[in-house]
There are 2 protein chains.
Amino acid sequence: MSYEEFSKNQLLDELNNLKQKFEEIKAKGLNLNMARGKPSPEQLDLSMGMLDVITSESDCHTSLGTDCRNYGNVAGIDECKHLFGDMFGVDYESVFVGGNASLTLMFDAISCFMTKSPYEDTKPWYEVKDRKFLCPVPGYDRHFGITGYYGFEMIPIPMLETGPDMDMIEELVSKDSSIKGIWCVPKYSNPTGITYSDETVRRFASLKPAAKDFRIMWDNAYCIHDVTDTPDTLLNIVDECKKTGNEDLPILFCSTSKITFSGSGVAALSASPLNYNFLLDRYNFQTISYDKINMLRHARFFKDYDGLLKHMDKHKEILKPKFQVVIDKLTDELGDKNIANWTNPNGGYFVSVDVFPGTAKRVVALCKEAGVTLTGAGATFPNGNDPQDSNIRIAPSFPNIDELSEAMDIFCICTKLAACEKLLEK
Amino acid sequence: MSYEEFSKNQLLDELNNLKQKFEEIKAKGLNLNMARGKPSPEQLDLSMGMLDVITSESDCHTSLGTDCRNYGNVAGIDECKHLFGDMFGVDYESVFVGGNASLTLMFDAISCFMTKSPYEDTKPWYEVKDRKFLCPVPGYDRHFGITGYYGFEMIPIPMLETGPDMDMIEELVSKDSSIKGIWCVPKYSNPTGITYSDETVRRFASLKPAAKDFRIMWDNAYCIHDVTDTPDTLLNIVDECKKTGNEDLPILFCSTSKITFSGSGVAALSASPLNYNFLLDRYNFQTISYDKINMLRHARFFKDYDGLLKHMDKHKEILKPKFQVVIDKLTDELGDKNIANWTNPNGGYFVSVDVFPGTAKRVVALCKEAGVTLTGAGATFPNGNDPQDSNIRIAPSFPNIDELSEAMDIFCICTKLAACEKLLEK
């Protein structure tokens with residue numbers, strides 16, 4: 001029965017009941033964490049074999065004879081370019097292989113545009129005093145962090161079931177040349193888990209931005225990260241942009257952070273020749289090369305893209321029951337209360353929950369009090385500002401099933417408790 | 001006998017003689033490379049043991065319990081902070097551990113100052129249109145590359161036997177607030193091999209720059225890289241700056257690129273609290289952390305700073321005879337010709353040779369023709385411009401002794417040949 005149909009006395013009874021449960025849990029002194037999309041130790045164990053594929057001198061050479069222990073190969077080794085080329089679905093020659101984090105590649109790309117321009121008739125973004133960036137919401141806090149650091153005004157774009165609101169995007173970018181880009185997680189979006197529809201990808205490829213140097217930051221972080229047996233598919237934006245003549249619009253990013261080791265993976269980007277050379281001009285001064293032994297470790301461990309996909313099946317087997325616990329708990333505890341909505345993604349690392357408007361901060365605080373750490377309320381919005389105070393990102397990967405089950409019980413109690421409080425205020 | 005005492009006919013005879021030798025060598029079709037300061041395979045082999053110190057799950061945890069495979073610890077793991085703290089001679093808490101290249105840390109530091117300022121009353125360097133950087137010459141081409149990329153006017157500062165010309169530096173920085181920093185390789189300087197005298201370090205620590213945000217980029221790349229049994233010592237600039245109240249002047253950099261693997265080492269910086277927090281504000285958006293497994297590999301392999309120093313003794317044993325070959329060949333072949341000067345360093349990776357003025361480019365071209373690749377002439381000067389066309393950097397580390405000996409023979413022949421040509425022009 002929906003809370004909104006409760007009488008005031010019913011709500012008071014429910015609140016007292018929930019408060020009692022809450023105090024019982026609090027007394028347990030739990031310490032559970034669902035704050036970040038961290039792989040569990042069990043997932044990390046899947047890649048331990050990678051740590052001893054390169055131990056002797058003869059292991060250290062690429063197929064082209066490069067000694068990976070020494071300097072050189074600024075754009076990475078071919079073995080890894082091929083692996084990422086297959087992941088992106090692009091020509092391997094468009095791939096630049098970086099260090100251990102795609103976040104760093106994205107930061108550096110924005111940083112590059114801040115002080116240089118790829119065109120003679122556009123200015124480095126530092127000189128665009130009212131520079132703006134489009135931010136689909138809810139979205140990834142670390143994306144917003146980068147454009148926040150660089151002083152962009154961040155314009156929230158609502159996420160629909162098909163991806164970000166393309167009507168709004170088309171309208172905005174066609175008029176305002178100070179809008180310089182957009183953050184996208186096109187597959188299993190962080191945090192909604194939504195995959196952009198074919199139409200959305202085509203509309204991105206057909207954008208006609210007023211800013212010649214407008215860029216789509218296409219962070220395909222979860223491109224092969226299914227958590228069900230009914231995976232989503234994403235249209236290839238590079239192919240679509242070739243059709244529209246908009247090849248310079250997107251820059252693609254991905255990494256093995258959630259494939260091998262989150263702290264010691266390999267990241268890569270793929271870009272059109274213009275963007276590639278623009279970024280490479282910088283990398284030629286920023287590094288001599290990133291860690292080629294770690295690149296070769298990855299290439300040897302997976303052998304090829306099929307090996308990589310088989311490895312992802314093992315992750316899926318670990319993550320699938322965890323996502324199921326989250327969805328089951330939400331359905332069982334909140335399904336008939338009409339106080340929350342959530343997504344049921346086929347992949348990625350998150351479940352996005354919209355709790356009763358005006359209670360997200362309260363829910364997160366209550367959970368904290370009961371020993372469950374969640375991502376801060378508002379984190380999924382630019383500058384941490386969720387105007388509805390409603391969205392909460394659930395990250396089920398790190399805890400084990402029992403912990404997760406307990407944490408979700410607490411989350412549901414806190415969600416209901418906060419909703420009761422809010423309804424009683426009225 | 002000095003070439004300048006030769007009669008014209010004697011010079012012509014010498015030139016013909018040298019040309020004949022040159023043609024004989026050219027016919028051999030050699031392919032030797034002394035262009036970059038690359039460790040030899042034999043040196044890289046010294047660290048192979050590092051590649052299997054971390055292979056099991058239990059190996060992956062720091063002494064504080066951090067799972068190095070996962071996200072977190074933006075400033076690096078304590079084990080590595082301690083190791084680099086000892087290398088720098090500073091408190092480990094002032095250390096930030098980065099990725100595989102100190103070059104990247106230096107690039108990122110300059111990049112940070114370009115768009116942000118650590119003080120309210122100074123501007124990001126991007127806004128200083130006539131920004132300048134001091135560049136001791138001959139110096140490291142990749143340093144100059146960074147400030148060149150960021151549009152600095154680079155002011156060459158002559159290197160003396162005590163380090164860069166401090167009179168000139170004091171004069172310049174006290175007057176011009178658009179001078180924002182200086183590149184320094186204080187020990188076994190690249191390429192001269194000179195170590196800054198105690199007085200030079202003290203004068204650096206006592207600088208009174210007009211620019212509040214003037215910074216000394218203290219690249220201590222060769223801090224423990226001796227190649228003789230009579231090593232130089234360098235005064236600790238952090239201690240000296242504490243005495244003068246100038247703690248915010250220097251930012252220190254080093255790495256294990258020439259200790260373990262050039263492509264897969266670990267880099268670090270050390271900075272005052274003000275500089276540290278200024279840079280960390282950026283790193284908090286640029287990364288979640290650099291590769292902690294590789295950090296732990298290093299810490300476990302060396303155990304402690306003593307272990308690191310013992311490892312460096314092995315490098316010394318390999319490099320010492322190579323440097324001796326270079327010095328012996330130069331002395332035997334050019335010692336009495338009065339056409340070249342060179343340094344005889346106690347450490348580092350280079351021997352700096354000043355060939356007959358106006359012939360460096362010609363010598364490098366002749367060597368190339370004869371199958372020996374050298375660092376490009378002029379590379380040791382900002383924008384590749386050596387006004388004397390005289391300085392050539394010799395990198396003896398990579399070739400084996402026989403190759404090096406042959407390459408040095410060729411270098412000496414080409415140096416003499418170019419000097420004869422030049423003298424005959426007069």
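These are my notebook entries on a predicted model with chains A and B.

**Entry 1. Domains of chain A**

I began with the domain assignment of chain A. It gives domain 1 as 3–43 + 309–425 and domain 2 as 59–303. I looked up the separation of the two domains of chain A and found their C-alpha centres 30 Å apart. I then took the contact between them, to which domain 1 of chain A contributes 25 residues and domain 2 of chain A contributes 28 residues.

I asked which elements supply at least two residues of the domain 1 side of this contact in chain A. They are α11 (305–334), β11 (351–354) and β13 (391–394) of chain A. The largest share of that side comes from α11(A), with 7 residues. I sorted the residues on the domain 1 side by class and got 12 nonpolar, 9 polar and 4 charged.

**Entry 2. The two copies**

I superposed chain B on chain A. The operation is a rotation of 180 degrees with 0.0 Å of shift along its axis, and the RMSD is 0.0 Å. The two copies are therefore related as by a two-fold rotation axis. I looked for the C-alpha of chain B nearest the axis and found that of B:Asp52, 3.2 Å from it. The two copies use the same surface, since 100% of the contact residues of chain B recur in chain A.

I noted the extent of the contact between the chains: 47 residues from chain B and 47 residues from chain A. On the chain B side, the elements giving two or more residues are α2 (41–45), α4 (102–115), α5 (141–149), α9 (273–286) and α10 (292–302) of chain B. I asked which of these gives the most. α4(B) does, with 6 residues. By class, I recorded 21 nonpolar, 16 polar and 10 charged residues on the side of chain B that touches chain A.

**Entry 3. The eight-stranded sheet of chain A**

I traced an open sheet of 8 strands in chain A, in the order β2-β9-β8-β7-β6-β3-β4-β5, with mixed pairing. I checked its edges, where β2 (95–97) and β5 (163–164) of chain A stand. Each has a single partner strand, so one side of each is left without a neighbour in the sheet.

I took one pair from this sheet in detail. Strand β7 (residues 215–219) of chain A runs parallel to strand β8 (residues 250–255) of chain A, and 4 bridges join the two. Opposite A:Asp219 I found A:Phe253 in β8(A).

**Entry 4. Strand β3 of chain B**

I turned to strand β3 (residues 132–137) of chain B and asked how many of its residues are buried. The count is 6 of the 6, so the strand is largely enclosed by the rest of the structure. I separated its two faces: B:Lys132, B:Leu134 and B:Pro136 point one way, while B:Phe133, B:Cys135 and B:Val137 point the other way.

I then looked up its partners. β3(B) is joined by 6 bridges to strand β4 (residues 153–160) of chain B, and the two run parallel. The bridge partner of B:Phe133 in β4(B) is B:Met154. I also noted that β3(B), α5(B) and β4(B) make a right-handed β-α-β unit.

Strand β6 (residues 179–184) of chain B is also parallel to β3(B), with 3 bridges between them. In β6(B), I found B:Gly181 opposite B:Phe133.

**Entry 5. Helix α10 of chain B**

I checked the cover of α10(B), one of the elements at the contact with chain A. The helix is mostly covered, with 10 of its 11 residues buried. Among the buried ones I listed B:Lys292, B:Arg297, B:Phe301 and B:Phe302. I asked what the buried residues of α10(B) pack against. They pack against α3 (78–88), β2 (95–97) and α11 (305–334) of chain B. After α10(B) comes B:Lys303, and I noted its positive phi, near 65 degrees.

**Entry 6. A:Glu247**

I closed with one loop residue, A:Glu247, which lies between α8 (237–244) and β8 of chain A. I asked whether A:Glu247 is buried or partly exposed. With 18 C-beta neighbours inside 10 Å, A:Glu247 counts as partly exposed; 20 or more would be needed for a buried residue.

I looked beyond the neighbours of A:Glu247 within four places in sequence and found it in contact with A:Cys241, A:Lys242 and A:Ser272. I also noted A:Leu274, 27 residues from A:Glu247 in sequence and 9.0 Å from it in space, C-alpha to C-alpha.

Terms used:
Residues numbered from 1 in each chain as written. Chains lettered and ligands numbered in written order. Predicted model: local features only at pLDDT ≥ 70, side-chain atom pairs only at ≥ 80, totals over all residues. Domains from an automatic or database assignment. Contact = placed C-beta atoms within 7 Å. Nonpolar A, V, L, I, M, F, W, Y, C, P; charged D, E, K, R; others polar. Least-squares fit on C-alpha atoms with pLDDT ≥ 70 in both. Pairing = 2+ DSSP bridges. Buried ≥ 20, exposed ≤ 12 C-beta atoms within 10 Å, placed from the backbone. Right-handed = clockwise from strand over helix to strand, strands pointing away.
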